[in-house]
Amino acid sequence: MPSESVNPDLSAPREVVTRFAPSPTGYLHIGGARTALFNWLFARHHSGRALLRIEDTDQKRSTQDAIDKIIDGLAWLGLDYDGPPVFQSDRAERHVEVARTLLEAGHAYRCYATAEELEAMRADQRAARQPLRYDRRWRDRAPGDAPAGASYTVRIKMPLDGETVIEDAVQGTVTVANSELDDFVLLRADGTPTYMLAVVVDDHDMGVTHVIRGDDHLNNAFRQLPLIRAMNTIEGGWPDPVYAHIPLIHGADGAKLSKRHGAVGVEAYRDEEGVLPEALVNYLLRLGWGHGDREEMSRDEAIALFDLDGVGKSPSRFDAKKLAHLNGHYIREADDRRLAGLIAPNLGENVDEGLLVKAMPVLKVRAKNVNELADNARFLFVQRPLALTAQAETLLDAEGRERLRGLSELLHAQNDWTIEALEATTKAYAERLGLGLGKLAQPLRAALTGTTTSPGIFDVLVLLGKDEALARIDAQTTSKQPTD
């Protein structure tokens, strides 16, 4: 039997053009963000163009809020596009025009089957345990056979024999028998175009050369190709695209990624999880694509190295712990002033950003995310008297306060307010009392921060400055505590 194979001439001098085409019926999820990244990197690697198309033809489910979040999320990830977004809903007239062209050229036909007739057909197929597939009852009938004024859909004439072979850039050779594909609808009875038609027309008009998308769209490729080839027969200039269908992302348990695995919108990783964009980009890059044993990779390195031959064929597993680890790495590498600017709005009014920048080298080594970084910095700006956690209160019992009173006298006389000098004074005092340093450091930390966790205690003393540090210590050692 004849076989149709998609094997584009890659030697032809065509500029590489990719597109990311989300549907704004929800947030930009992790899988969509990775698809967007792979499209963007491939275009940049080949000095081509990356385009954005908003597939908003489902007007009932598409929302402006979703559109805004998708565009905002892409911008946060640093994925810039070569031109403004194309909105599919603005192009309905063009989609209808192509359907009419196919109809006039004999590559499509009017189907007058009613909803009731189609449901009866499916019921018969279910009873016979046959695939649910349109039976082409109007493919070869004359329109004059239809009742006067009857509504109709427009269906594509799919090839009836042979098979279609796609040389997918990720999946390899994939074959489907043409008999398995039915004559699907191009225009609904109300004259509106279907998704399958709109995608093909938009990809052609936008000059898309490489369709990089999730492998849940692989079956769509076998339906979309006859449209492309029919239009190429009619007017030329409709070449087959290069297809690259990327395996989906699964949860750690191997099941399809869902909200219970942490499949939230990109904005949630930014706002709720405190993830830096470069960390998420790096993680998504390595989620299904690899280059040796490299884990951390800059954007420029990713552009230089990324190509489709590095994309694996098996589903990737989302690992929240690995993302958190990678995020911690990028926080430690990040510019201190940038980090200070990110967390300052979370610390209330009257934040001394200069102090925040000064504290950042100490704070960021302990943080795995931006929110944790803000929490670690909060002690710098709390007002006296400090509210103590329950654990901190237990450290400031009568014995703990008495020890701090003695240390406070020494620190009041301290002229060299540096980490080295403060450490020497405190250690000498602990030795005089016959104590380990921790027996002093822990109540001191409680008095200075109100908590039992903080950066190194001598870093805390220096960052607060002599006046504020001593004021906090004295406030705790001179006030009556419930533990007395």
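Start by selecting P385, which sits in the loop between α13 (370-377) and α14 (390-395). Keep in mind as you click around that this is a predicted model. Now add R384 and look at the link joining the pair: the peptide bond from R384 to P385 is cis, with omega near 0°. That's worth a pause, because most peptide bonds are trans.

**Backbone oddities elsewhere**

Next, jump to the loop between α4 (115-127) and β6 (153-156), where you'll find R129. R129 isn't a glycine, yet its phi is positive, about 55°. Is R129 buried or exposed? Turn on the surface and you'll see that R129 is exposed, with a relative accessible area of 79%.

Stay in the loop between α4 and β6 and select R136. Here's another non-glycine residue with a positive phi, this one about 60°. For background, most residues other than glycine have a negative phi.

**Into the pocket**

Time for some empty space. The largest pocket holds about 940 Å³. To centre your view on this pocket, select H29, G31, G32, D216 and H217, which are the closest to its centre among the 34 lining residues. Then colour β2 (17-20), α1 (30-45), α5 (195-205) and β10 (210-214), the elements that each give two or more residues to the lining. Which element gives the most to that lining? It's α1, with five residues. If you colour the lining by residue type, expect 14 nonpolar, eleven polar and nine charged.

**The nonpolar cores**

Now hide the surface and show the nonpolar side chains. The largest nonpolar core has 96 residues, and L280, L356 and L380 have the most contacts inside it. Helix α1 turns up again here, giving this core its largest share, nine residues.

Zoom in on L356 and show what is around it. Leaving out neighbours within four places in sequence, L356 is in contact with A340, I343, A344, L347 and V351, and also with A377, L380 and F381. There's a second, separate core too: it has 34 residues, including L102, A108, I166 and V211.

**Two asparagines to compare**

Select N282 in helix α8 (residues 277-285). Why does N282 count as buried? Its relative accessible area is 2%, and buried means under 20%. Show polar contacts and you'll find the side chain of N282 paired with the side chain of Y330 at 2.3 Å. Skipping neighbours within four places in sequence, N282 is in contact with E295, E296, M297, L326 and, again, Y330.

Then move to N220, in helix α6 (residues 218-235). N220 is buried as well, with a relative accessible area of 15%. With neighbours within four places in sequence left aside, N220 is in contact with Y195, M196 and R213.

**Last stop: a long line across the model**

Finish with L257, in the loop between β12 (249-250) and α7 (266-271). Is L257 buried or exposed? At 17% relative accessibility, L257 counts as buried, because the cut-off for that is under 20%. Now draw a distance from the C-alpha of L257 to the C-alpha of L448. Your viewer should give 44 Å for this pair, whose members are 191 residues apart along the chain.

Notes:
Residues numbered from 1 in each chain as written. Predicted model: local features only at pLDDT ≥ 70, side-chain atom pairs only at ≥ 80, totals over all residues. Heavy atoms only, no water. 1 Å grid on protein atoms, 1.4 Å probe; cavity = no way out; pocket = protein on both sides within 12 Å on 5 of 7 lines; lining within 4 Å. Points joined across faces, edges and corners; volume = space filled by probe spheres on them. Helix = DSSP H or I, 4+ residues; strand = E, 2+ residues; numbered from the N terminus. Nonpolar A, V, L, I, M, F, W, Y, C, P; charged D, E, K, R; others polar. Core = buried A, V, L, I, M, F, W, Y, C linked by side-chain atoms within 4.5 Å. Buried < 20%, exposed > 50% of the residue type's maximum accessible area, 1.4 Å probe, protein only. Contact = heavy atoms within 4.5 Å. Polar contact = N/O pair within 3.5 Å; in protein donor to acceptor, adjacent residues only side chain to side chain.
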